[in-house]
Amino acid sequence: MNGAILQQVFVVEYIVQSQMCEDCHRVEAKDFWKAVVQVRQKTLHKKTFYYLEQLILKHRLHQNTLRIKEIHDGLDFYYASKQHAQKMVDFLQCTVPCRIKSSQRLISHDIHSNTYNYKSTFSVEIVPVCKDNVVCLSPKLAQSLGNMSQICICIRVTSAIHIIDPSTLQIAEIDGNNYWRHPFNSLFHPKQLEEFIVMDISRTYEQKQGAGAGMKSNKHSLAEAWVQKTSELNTDHQYFCRTHLGHLLNPGDLVLGFDLVNCNLNDEFANKMNPHSVPDMVWF
């Protein structure tokens, strides 16, 4: 055509169709999982569980989960691979005192390639002890911790249970393995706290007779005090006790505590204790 150039305009319409691979499609379906981590804590007030939830969010360990299901005693974490579930289990083991049981169920088996498809289940049970719980240790466990008193207060729960003897300031740590060998429960729940007013208090450095050579807390101060229930101010009934909060309390202060004199303790270790070794009350 003697070097002539022809041009023509075409209208092209593109249609974008979103597609996912098979693995992503299963993830989005929310019903496909190969491993589940069942975290449980059998307590009325799950302070340790709330602390654990904050750590999971902080370290972003929930990003690989397909679904998180809330159960009465805890949470279920579903994963697409066993490796992600194992990572969560290892984190829980290093963060809170717990015991772990695992099991797996065969889903399918390819006899030609000799491959197996399993669903794994990890059961994680956190110790049923939270911060500010009053506990009663077994005599054998109390003796192994430096002959400390059986009635103690849990001041903190990390990878171990940190307890203090309010009458001697003796402290100890109980890891998960030691706890499950000598298990104990909380004596009270927060709804049983009563309000007291401090009538008189004096610091003391005298240690309880027979106390072992365990570690003593430097953050607390031992004191002896007379207190009275705010519900019994029209009476002259007062209680004498020793407390680890001598550095905080002054006469006239209001405190919350548990009355061990007028309560019915339903605990196998507390019922076998000498009544003279049980304190009248425990404060917070």
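The questions and answers below deal with a predicted model.

Me: How do you know that Cys98 is not in a disulfide?
Reply: A disulfide needs two cysteine sulfur atoms within 2.5 Å. The closest cysteine sulfur to that of Cys98 belongs to Cys94 and is 9.1 Å away, so the two are too far apart for a bond.

Me: What about Cys154, and which cysteine sulfur is nearest to it?
Reply: The nearest is the sulfur of Cys130, at 7.6 Å, and Cys154 is in no disulfide. By the 2.5 Å rule, the count of disulfides comes to zero.

Me: Why are Cys98 and Cys154 called buried?
Reply: Buried means under 20% relative accessible area. Cys98 has 11%, so the word applies. Cys154 has 0%, so the word applies there too.

Me: What makes helices α2 and α3 oblique to each other?
Reply: The axes of α2 (residues 47-58) and α3 (residues 82-95) cross at roughly 130° and come within 12 Å. Angles over 145 degrees count as roughly antiparallel, and 65 to 115 as roughly perpendicular. The crossing angle of roughly 130° fits neither class, and therefore the pair is called oblique. The crossing itself is right-handed.

Me: Which residues meet where α2 and α3 are in contact?
Reply: From α2 come Tyr51, Leu52, Leu55 and Ile56, and from α3 come Met88, Phe91, Leu92 and Thr95. Seven of the residues in this contact are nonpolar, one is polar and none is charged.

Me: Is His182 buried or exposed, and how do you know?
Reply: His182 has a relative accessible area of 19%. The cut-off for buried is under 20%, so His182 counts as buried. This residue sits in the loop between α5 (176-181) and β10 (194-203). Leaving aside residues up to four places away in sequence, His182 touches Ser138, Lys140 and Leu141.

Me: What makes the phi of Asp132 worth a remark?
Reply: Most residues other than glycine have a negative phi. Asp132 is not glycine, yet its phi is positive, near 70°. Asp132 lies in the loop between β5 (115-126) and β6 (134-136).

Me: Which other loop residue has a positive phi, near 65°?
Reply: That residue is Leu169, found in the loop between β8 (160-164) and β9 (171-175).

Me: Why is Asp132 called partly exposed and Leu169 buried?
Reply: Partly exposed covers the range between under 20% and over 50%. Asp132, at 31%, falls in that range and so is partly exposed. Leu169, at 8%, is under the 20% cut-off and so is buried.

Notes
Residues numbered from 1 in each chain as written. Predicted model: local features only at pLDDT ≥ 70, side-chain atom pairs only at ≥ 80, totals over all residues. Heavy atoms only, no water. Buried < 20%, exposed > 50% of the residue type's maximum accessible area, 1.4 Å probe, protein only. Axes fitted to C-alpha atoms, helices over the stretch in contact; angles between N-to-C directions. Helix = DSSP H or I, 4+ residues; strand = E, 2+ residues; numbered from the N terminus. Parallel < 35°, antiparallel > 145°, perpendicular 65-115°, else oblique. Left-handed = near helix turned anticlockwise from the far one by under 90°. Contact = heavy atoms within 4.5 Å. Nonpolar A, V, L, I, M, F, W, Y, C, P; charged D, E, K, R; others polar.
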